[in-house]
Amino acid sequence: MTKNIFTTKAANKLRGAIRVASDKSISHRAIIFSAIANGITNIYNLLTGTDVLATIEVFRKLGVKIEQQNNDFKIYGVGKHGLGITNVKLENFNFDLGNSGTAMRLLAGMLAGQNFNSILIGDESLTKRPMLRVTEPLQQMGAQIVASKNGAPPLQIKGGAKLQGIEYQMPVASAQVKSSLLLAGLYADGQTTVIEPAPTRDHTERMLQSFAYPILQQGNSVSLNSTNSLQAVENLPIPADISSAAFFMVAATIAADAELTLLEVGINPTRIGIIEILRLMGANIELKNMRFFGQEPVADIYVSSSKLKGINIPLHLVPLAIDEFPVIFVAASVADGVTVLTGAEELTVKESNRITVMADGLRTLGVELYPTDDGIKIIGVKKLNGGKVFAHGDHRIAMAFSVAGIVAQQSIIIDDCANVVTSFPNFLTLAQQIGMQIA
Ligand code: S3P
């Protein structure tokens, strides 16, 4: 049974060397590209969070053979044009993507290029999330895709559309939109080019290269065309997720007596905003054993206790730390002085509205703060109070308040935590293992 309520107690001493859950973004892409590659790909240490399981289910329904041994997966690629052909009698495929925005947006692009119809649905949270950011450019490419009236899921996709490559200047910095259009571009006539307003995670580009698919990267644009095929990767290891490691980086930083090593963490330059922001605040973070897993850089990250100070978070770091702000807000709450975040309106359309949900909970814990439409101002306090807070079904909110519990004078009771399984199924076990008092 998934635990829905977490209860914390303060903790001083944290010790250990742990490997957090594997990278969610890279795991989704590993499955997608393996499934449409020619040949067999062996993925090692895939994330088995429910978001990624939803993506796996899609390809199983589409006739892709996928074998699992613990966290290792063997995927029998069917080639770019092999999806769904064993089920041709089915007129519509229905895919339930649960809580996963990444699965819905990326797969929308890929499914727009297929010969069969698809309907994509999700849970209550996903059903509120904006989808026009992918449906509109996909329609410009000729896709037959519609969202529901409010621009949210379900998405209905008609198969057999003839896609045409476009040059698309993205209005928001979004790796999901970029990846969705590149996936559609694998099925489009001519060249597909995506231009981003600021750098976002580039796992799609790196993984296309791993699968020997030519792409052209120039400044802030990336282009491909559909004339090539993807070649299976014999050995595809997935790094640990820096977004999951972030909770323990902040935990070790704010605990009074902590020394933690986080093993095999992906340190892709488009994801290391958390390290840069914590270092600017005064955290002690060292990267060791730097190496590559395929195209992705990896390191062991050593973190120990340090005194934090408030900062103005540099704008260019916002997209590079977009999933880490809930736990950065916790760090800011116990830092000396004031922390100001701006330019982060995307936080309002994540699994929850992460600005208002974190502001509500931190206020309960005694923090003075001022939320805005695109960020927050947080005045640091010495110690947090306890109290009851709500994660609103958002995995990262639940884990952020778990970390806050380390420095709270009374217990924090965190409600609605079950979705931690979407990205970090063994979070509680690892937290207890290093000395956090949480159950
Ligand atoms: C993701 C991109 C980010 C991130 C999400 C995963 C991805 O979203 O918040 O958790 O795997 O491409 P946006 O691209 O919408 O910013």
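A colleague asks a modeller how the labels on this predicted model are earned.

Colleague: What should I know before we start?

Modeller: The model is predicted, so local features need pLDDT of at least 70, side-chain atom pairs count only at pLDDT 80 or more, and totals for chains, interfaces and linings use all residues. Residues are numbered from 1 along each chain as its sequence is written, and side-chain values use heavy atoms, with hydrogens and water left out.

Colleague: Which residues are around the ligand?

Modeller: They are Ser25, Arg29, Thr102, Ser174, Ala175, Gln176, Arg201, Ile322, Asp323 and Lys350. A residue is near a molecule if one of its heavy atoms lies within 4 Å of it.

Colleague: How is that shell divided by class?

Modeller: It has two nonpolar, four polar and four charged residues. Nonpolar covers Ala, Val, Leu, Ile, Met, Phe, Trp, Tyr, Cys and Pro; charged covers Asp, Glu, Lys and Arg; the others, Gly among them, are polar.

Colleague: What makes the approach of Ser25 to the ligand a polar contact?

Modeller: The distance does. A polar contact is a pair of N or O atoms within 3.5 Å; within protein, one must be able to donate a hydrogen and the other to accept it, and residues adjacent in sequence count only if both atoms are side-chain atoms. An N or O atom in the side chain of Ser25 is 2.7 Å from an oxygen atom of the ligand. That value is within the 3.5 Å limit, so the pair counts.

Colleague: Where do Ala175 and Gln176 come in?

Modeller: Both use the backbone. A backbone N or O atom of Ala175 lies 2.7 Å from a ligand oxygen. For Gln176, a polar backbone atom is 2.9 Å from an oxygen of the ligand.

Colleague: How much of the ligand does the protein bury?

Modeller: The protein buries 95% of the 380 Å² that the ligand exposes when taken alone. Accessible areas come from the Shrake-Rupley method with a 1.4 Å probe; for residues, only the protein chains shown count as cover.

Colleague: Which elements give two or more residues to the shell around the ligand?

Modeller: They are α1 (24–35) and α5 (175–185). Such labels come from DSSP runs, numbered from the N terminus: helices are H or I with at least four residues, strands are E with at least two.

Colleague: Why is Met358 called buried?

Modeller: Buried means under 20% relative accessible area, exposed means over 50%, and partly exposed is in between (1.4 Å probe, protein chains only). Met358 has 0% relative accessibility, so it counts as buried. Its place is in helix α10. Met358 and Val330 are 28 residues apart in sequence and 8.8 Å apart in space, C-alpha to C-alpha.

Colleague: What makes Ile56 buried?

Modeller: Its relative accessibility is 2%, so Ile56 counts as buried. Ile56 sits in helix α2. From Ile56 to Ile75 is 19 residues in sequence and 9.8 Å in space, C-alpha to C-alpha.

Colleague: Why is Pro171 called exposed?

Modeller: Pro171 is at 67% relative accessibility, so it counts as exposed. Pro171 is found in the loop between β10 (167–169) and α5.

Colleague: Why is Asn45 called partly exposed?

Modeller: Asn45 is at 28%, and therefore falls in between the two limits. Asn45 lies in the loop between β3 (38–44) and α2 (50–61). Its phi is near 60 degrees, a positive value in a residue other than glycine.

Colleague: Ala212 has a positive phi too. Is Ala212 buried, exposed or partly exposed?

Modeller: At 49% relative accessibility, Ala212 counts as partly exposed. Its loop runs between α6 (203–210) and β12 (216–218).

Colleague: How do you know that Thr270 is buried?

Modeller: Thr270 has 11% relative accessibility, so it counts as buried. The side chains of Thr270 and Asn268 are joined by a polar contact of 2.6 Å. The Thr270 side chain also reaches the backbone nitrogen of Asp202 at 3.3 Å.

Colleague: Why is Ser352 called buried?

Modeller: Its relative accessible area is 9%, so Ser352 is buried. Its side chain makes a polar contact of 2.9 Å with the side chain of Asp394.

Colleague: Which peptide bond is cis, with omega near 0 degrees?

Modeller: The bond from Pro153 to Pro154. Pro154 lies in the loop between β8 (144–146) and β9 (155–158).
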